[in-house]
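Trainee: I have not seen this structure before. Could we go through it in short questions?

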Amino acid sequence: MADLTTDFIGIKSPNPFWLASAPPTDKEYNVRRAFEAGWGGVVWKTLGEAGPPVVNVNGPRYGAIYGADRRLLGLNNIELITDRPLEVNLREIKAVKRDYPDRAMVVSIMVPCEEGAWKRILPLVEETGADGIELNFGCPHGMSERGMGSAVGQVPEYIEMVARWCKQHTRMPVIVKLTPNITDIRYPARAANTGGADAVSLINTVSSITNVNLDTMSPEPSIDGKGSHGGYCGPAVKPIALNMVAEIARDAETRGLPISGIGGVTTWRDAAEFMALGAGNVQVCTAAMTYGFKIVQEMISGLSQWMDEKGYTATSDFIGSAVPNVTDWQYLNLNYVAKARINQDDCIKCGRCFAACEDTSHQAISMSTDRTFEVIDAECVACNLCVNVCPVEGCITMEPMSAGQTDPRTGKPVDPHYANWTTHPNNPSATAAE
């Protein structure tokens, strides 16, 4: 049986599935239920300073984007950090950690960008016995207007500065949570690394307005006729998150920096993809809010079974294994040739592939009078559009051509070098090695 135990920057947990800092981790009741369901760890919902309480809206806090079957694709929220008293949160964190010593307990923190504020709250969190802290530099709404959250995360110098303060004033491992609302994620990650952070976590939510009510002409969720931008999460942001995780994992200045992957993790496969791109564990929110805490049991069993099938005995066996295969466009093998193939036994003759290719692509699919669809090799550029629009999974595939075969588009043989790109003369790495 695969061993799912993880050691992330010295924080041990029975599996790599943590709940992200969010409504599901806002109180002792929720977190105890989560641990009983099997979650390996939690990041407690973001704590702020003692003093004037945070006031959340008493109205809709979430907006949603649905697929055709009303499956939740994305969730937008306008909720702020915890509105519960600091002393109550601290007391509950201590009690839960005492009763679940084998689970990871990380506490998210957001206070003003002043050293004194961080110096005051860190020992209070440390006294709870928490395993680490996560600096919330990602929240794009409400708190950012107060000079916190993504207002800090968008300025690498601030990230480095606060990370240094925290490393100076606490023994706990420091995770910096990064905002995706920035042009190049490598710069804030580099700043966190330079500041001494033990790890980064990403992505936080994407600044967004999900929809507009065309009757009231108000963005939703609407509070008394007005709306605001919020933070977008869920399956829809997974591609953004995967790319940003990969950018950090392969950047020369942050290579080796531990990463906690966040963004649309709904299944074990999502988690495996994040980990293959360099994440040491994953954090989950929207999936738990959609399906409940027990979804982690499917994640655990699915990941364990897949690891057994692949012969992996520990998550460390495959973490980062996809990173070497992420490259810049200029290094892609332009001599590789593939063609689309339609399995006539699986085809339901809907014609989507034909319509898509004929109207918007390369006119590389023919339709006969009896609605049989065939690929015209001489026109096919293997763009994959037909595969993506076909409603029958596996009906259309892309088949690579062998070296030496004639490419019907060009009339020339497929370059024999393409099968071994590592030695191809157009590969800068190969040229350098020679």
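What follows is a short exchange on helix packing, the nonpolar cores and one sheet.

Trainee: At what angle do α3 and α5 pack?

Mentor: This is a predicted model. Two packed helices are described by the angle between their axes and the distance between the axes. Here α3 covers residues 115-126 and α5 covers residues 156-169; their axes lie 10 Å apart, and the angle is about 35 degrees.

Trainee: Which residues in α5 are met by E115, W118, K119 and L122 in α3?

Mentor: The helices pass each other in a right-handed crossing. The residues of this contact divide into five nonpolar, two polar and two charged. On the α5 side they are V162, W165, C166, Q168 and H169.

Trainee: Which helix gives the largest share of the largest nonpolar core?

Mentor: That core has 80 residues, and W39, W118, V125, V176 and L202 touch the most other members. Its largest share is seven residues, from the helix at residues 238-250, α7.

Trainee: How many residues does the other core have?

Mentor: It lies apart from the largest core, and C347, C357, A364 and C386 are among its members. Its residue count is 14.

Trainee: Which strands stand at the edges of the sheet?

Mentor: Four strands form an open sheet, paired antiparallel, in the order β5-β6-β14-β11. An edge strand has a single partner, so one side of it is left without a neighbour in the sheet. The edge strands are β5 and β11.

Trainee: Which residue in β14 is the bridge partner of V206?

Mentor: Three bridges join β11 to β14, residues 230-233, and the two run antiparallel. The partner of V206 is Y232.

Methods. Residues are numbered from 1 along each chain as its sequence is written. This is a predicted model: local features need pLDDT of at least 70, side-chain atom pairs count only at pLDDT 80 or more; totals for chains, interfaces and linings use all residues. Side-chain values use heavy atoms; hydrogens and water are left out. Axes are lines fitted to C-alpha atoms, for helices over the stretch in contact, and angles run from 0 to 180 degrees between N-to-C directions. A crossing is left-handed if the near helix is turned anticlockwise from the far one by less than a right angle, and right-handed if clockwise. Contact means heavy atoms within 4.5 Å. Ala, Val, Leu, Ile, Met, Phe, Trp, Tyr, Cys and Pro count as nonpolar, Asp, Glu, Lys and Arg as charged, and the others, Gly among them, as polar. A nonpolar core is a set of buried Ala, Val, Leu, Ile, Met, Phe, Trp, Tyr and Cys residues joined through side-chain atoms within 4.5 Å. Buried means under 20% relative accessible area, exposed over 50%, partly exposed in between (1.4 Å probe, protein chains only). Two strands pair if DSSP finds at least two bridges between them.
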